[in-house]
Amino acid sequence: MKIFEQLVSKLEGKKVRIVLPEGEEPRILQATKRLVNESDVVPVLLGNPERIKIYLEIEGITEGFEIIDPAHYDKYDEMVGAFVERRKGKVTEEQAHELLKDVNYFGVMLVYMGIVEGMVSGAIHSTASTVRPALQIIKTEPGVSKTSGAFLLVKGEERYIFGDCAINIDPDAQTLAEIAINSARTAKMFGIDPKVAMLSYSTKGSGAGPKVDKVVEATKIAQKLRPELDLDGELQFDAAFVPTTGKLKAPGSKVAGQATVFIFPGISAGNIGYKIAERMGGFAAVGPVLQGLNQPVNDLSRGCNPDDVYNLTLITAVQALEHR
């Protein structure tokens, strides 16, 4: 996709080191070959050095990547100390040793210690296994109470952001406002001009109920926090997406009929929505891109292919550039 060529250009000459904890997984290794050959991302693979090197050498890859064996890591004691300190009494040294046997905890600690700039995991681990260490160690940015998961939807020249489709089951108004603001930021990363639609089953009072009230309140909070954003709600999807419908249902809105960022009122609508766009609409769905963390950590689907790994690693590297 052209959009990922643009991300490669952004990374040119930057040498961003991203850890891939599932370093012996075939899809990760195939993506590593492509990252080395086509980008300036430096994959840092966790696992057995001999097994990883043999695979990559067969593929003609002998440099441009790094391997860390968690079982024989020269900074392990330093990592344990940093982990105990970060958890501030919630984890003993003995417990830290046990938790760091988990490659996701180990990988997140590499990010936290500044040894790498981001992490991509989830090819063989659940979302919870990837996100939990990030929330405990890296934590959310100042002013952000919860992380969220956005998807990039791409078809030809069309690009949209859908959020939150992965993390928050039923966000309250404050969280929904934060999701909207962070999703607008994600859109800019992909070169998308963010016009943010706060979605509902109601447009400007056409429906009523607590679910509508939540979106109305979230819209007010987001507008107060980021008055410079083109952000409007509550809007039904057709009012947000279809120009003629937008003019009819929400005349004068800067977002209705031209939205590029769609904020769903809950995870059920978001998850169903992006999968309909993907399976019936022919869009490629990339993500979830985790938003609101102090440093970038992203989660793969266990059904991912090597292209998914490659794409999400590029996204993570560009997020890391923004954090520099």
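## Exercises on backbone and strands

Lysine 204 sits in the loop that lies between strand E7 (195–199) and helix H9 (210–225), where helices (H or I, at least four residues) and strands (E, at least two) are DSSP runs numbered from the N terminus. The model is predicted, so to speak of a local feature requires pLDDT of at least 70 and to count a side-chain atom pair requires pLDDT 80 or more, while totals for chains, interfaces and linings use all residues. Residues are numbered from 1 along each chain as its sequence is written, and side-chain values use heavy atoms, with hydrogens and water left out.

**Exercise 1.** Find the sign of phi in lysine 204, and decide whether this lysine is buried, partly exposed or exposed.

*Solution.* Begin with the backbone angle: phi of lysine 204 is near 50°, which is a positive value in a residue other than glycine. Most residues other than glycine have a negative phi. Next, turn to the accessibility of lysine 204, which is 41% in relative terms, and therefore the residue counts as partly exposed (buried is under 20% relative accessible area, exposed is over 50% and partly exposed is in between, with a 1.4 Å probe and protein chains only).

**Exercise 2.** Carry out the same steps for lysine 88, beginning with the loop in which it lies.

*Solution.* Lysine 88 belongs to the loop between helix H4 (76–87) and helix H5 (93–99). The phi of lysine 88 is near 45°, again a positive value in a residue other than glycine. Because its relative accessibility is 61%, lysine 88 counts as exposed.

**Exercise 3.** Which two residues are joined by the cis peptide bond with omega near -15°, and which two by the cis bond with omega about 5°?

*Solution.* With omega near -15°, the cis bond runs from glycine 163 to aspartate 164, and aspartate 164 is placed in the loop between strand E6 (158–163) and helix H8 (residues 173–189). With omega about 5°, the cis bond joins glycine 287 and proline 288, and proline 288 lies in strand E10, which covers 284–291. Most peptide bonds are trans.

**Exercise 4.** How many residues of strand E2 (residues 41–46) are buried, and which residues cover each of its two faces?

*Solution.* Count along the strand before sorting by side: six of the six residues of E2 are buried, and E2 is mostly covered. On one side the buried residues are Val41, Pro43 and Leu45, while on the other they are Val42, Val44 and Leu46, and in this way both faces of E2 are covered.

**Exercise 5.** Which strands pair with E2, and how many bridges join each pair?

*Solution.* Two strands pair if DSSP finds at least two bridges between them. Take strand E1 (residues 16–20) to begin with: five bridges join E1 to E2, and these two strands run parallel, with leucine 20 standing opposite leucine 45 in E2. Then take strand E3 (residues 66–68), which is joined to E2 by three bridges, also in a parallel run, and here valine 44 has glutamate 66 in E3 as its bridge partner.

**Exercise 6.** Which helix forms a β-α-β unit with E1 and E2, and which helix does so with E2 and E3?

*Solution.* Helix H2 (residues 26–38) goes with E1 and E2, and the unit they make is right-handed (with the strands pointing away from the viewer, the path from the first strand over the helix to the second runs clockwise). Helix H3 (residues 49–58) goes with E2 and E3, and this β-α-β unit is also right-handed.
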